[in-house]
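Hi there,

Here is the structure I promised to pass on. Have a look at it first, and then read on for what turned up.

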Amino acid sequence: MSRNFRHWPLHQKVVLMPAHHLRVGKYTLSGTEDFFDPAFAIQHNDGNLTSVLYYVSHNTKNIDSNVTQTTVVMKDDVYPLEVKLCYISYVKENIIKTWTEIVHQEKKPVTINRYASSMLYFEAPKYYLTEFSGDWAKEVNMSNQQLQFGKKIIDSKLGSRAAMYAQPFFQLGLGQPVQEGQGTVMLGTIGWTGNFQFTFEIDNASNLRVISGINPFLSNYELKPNEVFTTPEFIFTISEEGTGKASRNFHSWARDYQLKDGKGDRLTLLNNWEATYFGFDEPKLEELMKDAKNLGVDMFLLDDGWFANKYPRNSDKQGLGDWDVTKEKLPNGVPHLVKAAKDAGVKFGIWIEPEMVNPKSELFEKHPEWAIHLPNRERYYYRNQLVLDLSNPKVQDYVFEVVDKLMIENPEIAFFKWDCNSPITNVYSFYLKDKQNNLYVDHVRGVYNVFKRVNEKYPNIPMMLCSGGGGRCDYEALKYFTEFWCSDNTDPIERIFIQWGFSQFFPSKAMDAHVTSWNSRTSVKFRTDVAFMCKLGFDIRLNEMKEDDLKYCQNAVANYNRLKKVILDGDLYRLVSPYESNHMSVMHVSPAKDKAVLYAYDVYPRYSEKLYPVKLQGLDPAKMYKVEEINLMPNQNSGLKANGKVFSGDFLMKAGLDVFTTRQANSRIIEITAQ
Ligand code: DGJ
């Protein structure tokens with residue numbers, strides 16, 4: 001047994017990637033002579049605060065020709081404590097998933113104060129961090145900084161709408177700031193739909209320690225004997241060709257292994273939220289269903305406001321928790337709506353927010369103890385609501401039944417939008433009583449129990465993860481969701497930045513983008529062309545649209561359906577960054593390199609600005625490609641000089657295409673087809 005496992009070069013066993021900067025896999029312990037932030041800390045039954053873990057064994061098994069799992073077992077020689085470091089590596093995608101399992105056989109529960117999923121240790125001359133932060137309607141702002149001696153922490157303490165201020169992912173530039181097309185970068189993310197923490201610490205040796213895991217904030221977890229504490233998965237990749245390659249690693253891994261129905265199709269839709277808010281009735285919804293059909297989308301999605309009777313959900317002040325249809329508003333219930341959609345020729349999807357409760361609801365009147373709130377202090381409300389206590393199995397049953405009852409009554413429901421608008425406030429669980437330290441962790445585990453049960457019973461139903469916009473966007477939740485709502489901000493200018501940000505980690509098919517009336521100073525074409533690069537939907541009053549705009553949208557939906565395979569499953573190349581220019585351009589290329597879609601957006605060009613051609617990527621240099629502008633307005637001629645012409649892939653990638661203009665909020669969608 002080697003005493004100082006901390007210097008054991010773990011990564012050589014598990015890192016199947018060009019990782020010469022990744023020096024050793026460490027799992028630093030508190031109370032020993034590592035004087036930096038620990039990955040693991042415990043208090044034993046006798047009060048002792050130290051642990052020393054010895055290497056015991058490891059094993060590697062091939063799951064299939066692409067996937068290998070390695071487990072390293074370590075034990076304390078004084079206390080009955082075992083820690084396993086687990087790694088799954090995906091060779092083709094160059095992705096590693098890592099987590100830790102902790103178990104003990106002491107007489108009474110121990111307290112674990114730190115329980116990171118992983119710790120990585122880097123050696124490079126300089127370290128640069130790109131973080132993603134924001135707020136409601138301001139998701140994933142990217143900012144960069146050079147790390148210096150000491151610590152930088154990115155974390156969330158929001159509990160449920162956990163990613164509202166900081167998203168659970170980051171990029172590291174090793175030696176130089178991250179760049180799209182070159183340089184060594186590491187992209188990491190944690191699969192945890194709750195409080196997370198990333199600690200970046202440069203130590204005395206000028207090496208960088210990256211500790212990722214659940215945020216230990218208010219969570220000194222009480223762990224019973226023989227109960228295995230499994231941490232969330234930390235997922236990362238290293239690329240020697242910049243963030244573009246690293247993102248493509250993530251996208252193909254997510255489609256092949258992580259995302260619910262990652263390889264499957266996605267439904268285009270018309271949502272009624274911004275068209276009606278809470279103000280609808282049956283005839284209005286029936287009209288919208290016909291509009292959806294006329295537009296050419298697959299589905300009508302009914303949003304918030306369809307439930308509760310004693311306190312009808314006519315605003316966000318009441319009704320949440322009471323999941324019976326509002327009789328006065330919708331006298332014939334959900335079955336009638338499903339049938340009306342079917343008659344109109346579209347599928348029917350429905351919004352729920354089952355983890356929450358308005359105090360003004362029958363549920364709260366009956367079960368106040370099911371809501372997380374302090375018994376002895378004045379309550380604080382976020383969006384007039386409280387979070388249900390999912391650490392309580394009875395509450396888990398109730399939340400599961402929200403979906404189950406709807407599905408039993410309406411087996412033809414084709415989609416759920418699952419919302420979550422409040423962070424955990426007034427933190428106290430009536431169920432956990434004197435174990436309040438376990439609430440933040442056990443609550444999230446309860447949420448997963450429900451997701452799992454829903455998924456096991458209804459494996460084929462697509463679901464959108466939503467949290468007051470993009471407040472939930474992690475790869476654990478996305479095992480159970482086909483997609484997520486990126487932001488309530490659908491102003492196309494803002495969306496260009498938001499979609500650029502999320503695309504660093506998520507494939508287009510997971511990112512929902514809707515055409516709405518936000519920033520209606522921009523054209524409907526521009527708004528649609530921006531949503532076109534993700535999973536397309538509409539949330540706009542089509543009956544008020546100008547005839548030409550509607551015709552344009554119908555044509556765009558038809559184009560989208562025709563090109564869906566490339567848009568949703570193609571490789572994404574980010575060509576021109578909105579952070580570094582007044583434009584943005586990306587493209588999707590089919591795996592066979594026979595079809596591509598190029599998106600070009602003029603955001604806010606300067607007067608008479610010098611424009612440069614955009615050099616395409618990912619094509620076959622030897623193939624000949626036809627270039628055609630699509631999504632034109634009725635009677636609009638393409639101003640693209642290359643339109644209709646044929647070029648070699650080599651030319652398109654070396655000389656490029658003149659796609660930008662000096663018009664503000666202008667867009668071009670270009671279809672590229674191998675001849
Ligand atoms: C927040 C979501 O992000 C919106 O899309 C909408 O569903 C509202 N909640 C409904 O309350």
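How far is an oxygen atom of the ligand from an N or O atom in the side chain of D488? In this predicted model, the distance between the two is 2.5 Å. Two further contacts are worth finding on your screen. A polar side-chain atom of D303 sits 2.7 Å from a ligand oxygen atom, and a polar backbone atom of G469 is 2.9 Å from an oxygen atom of the ligand. On its own the ligand would expose 290 Å², and the protein buries 97% of that.

The shell around the ligand consists of 13 residues, with D303, D304, K417, D419 and D488 as the closest. Sorted by class, that shell holds 6 charged, 4 nonpolar and 3 polar residues. So if you want a starting view, D303 and D488 are good ones to display, as both belong to the closest group.

Next, the open space. The largest pocket contains about 520 Å³ of space. It is lined by 21 residues, and D322, W323, D324, Y398 and K405 are the closest to its centre. Which elements give two or more residues to this lining? They are α5 (333-344), α6 (362-366) and α7 (393-409). Of these, α7 gives the most, with 6 residues. The lining of the largest pocket splits into 10 nonpolar, 7 charged and 4 polar residues.

There is enclosed space as well. Searching the whole structure gives 6 cavities of 30 Å³ or more, and the largest cavity holds about 110 Å³ of space. Its lining is made up of 13 residues; A116, Q197, I211, I214 and P216 are the closest to the centre. At least two residues of the lining come from each of β7 (110-122), β13 (196-202) and β14 (208-214). The biggest share is from β14, which gives 4 residues. By class, the lining of the largest cavity has 7 nonpolar, 4 polar and 2 charged residues.

Last, the aromatic rings. How many aromatic pairs does the structure hold? The count is 46. One of them is F169 with F506, an edge-to-face pair whose centres are 5.7 Å apart and whose planes meet at 75°. F169 belongs to strand β11 (residues 166-174), while F506 is in the loop between α9 (492-502) and β26 (511-515), so this pair ties together parts that lie 337 residues apart in sequence.

To recap the ligand site, the D488 side chain has an N or O atom 2.5 Å from a ligand oxygen atom, and 97% of the area that the ligand exposes when taken alone is buried by the protein.

Happy browsing, and write back with any questions.

Best wishes

Notes
Residues are numbered from 1 along each chain as its sequence is written. This is a predicted model: local features need pLDDT of at least 70, side-chain atom pairs count only at pLDDT 80 or more; totals for chains, interfaces and linings use all residues. Side-chain values use heavy atoms; hydrogens and water are left out. A residue is near a molecule or strand if one of its heavy atoms lies within 4 Å of it. A polar contact is a pair of N or O atoms within 3.5 Å; within protein, one must be able to donate a hydrogen and the other to accept it, and residues adjacent in sequence count only if both atoms are side-chain atoms. Accessible areas come from the Shrake-Rupley method with a 1.4 Å probe; for residues, only the protein chains shown count as cover. Ala, Val, Leu, Ile, Met, Phe, Trp, Tyr, Cys and Pro count as nonpolar, Asp, Glu, Lys and Arg as charged, and the others, Gly among them, as polar. On a 1 Å grid over the protein atoms alone, a cavity is a set of points where a 1.4 Å probe fits but cannot get out, and a pocket is an open set with protein on both sides within 12 Å along at least five of seven lines; lining residues have an atom within 4 Å of a point. Grid points are joined across faces, edges and corners, and a volume is the space filled by probe spheres set on the points. Rings of Phe, Tyr and Trp (its six-membered ring) pair if their centres lie within 6.5 Å; planes under 30 degrees apart count as stacked, over 60 as edge-to-face and the rest as tilted.
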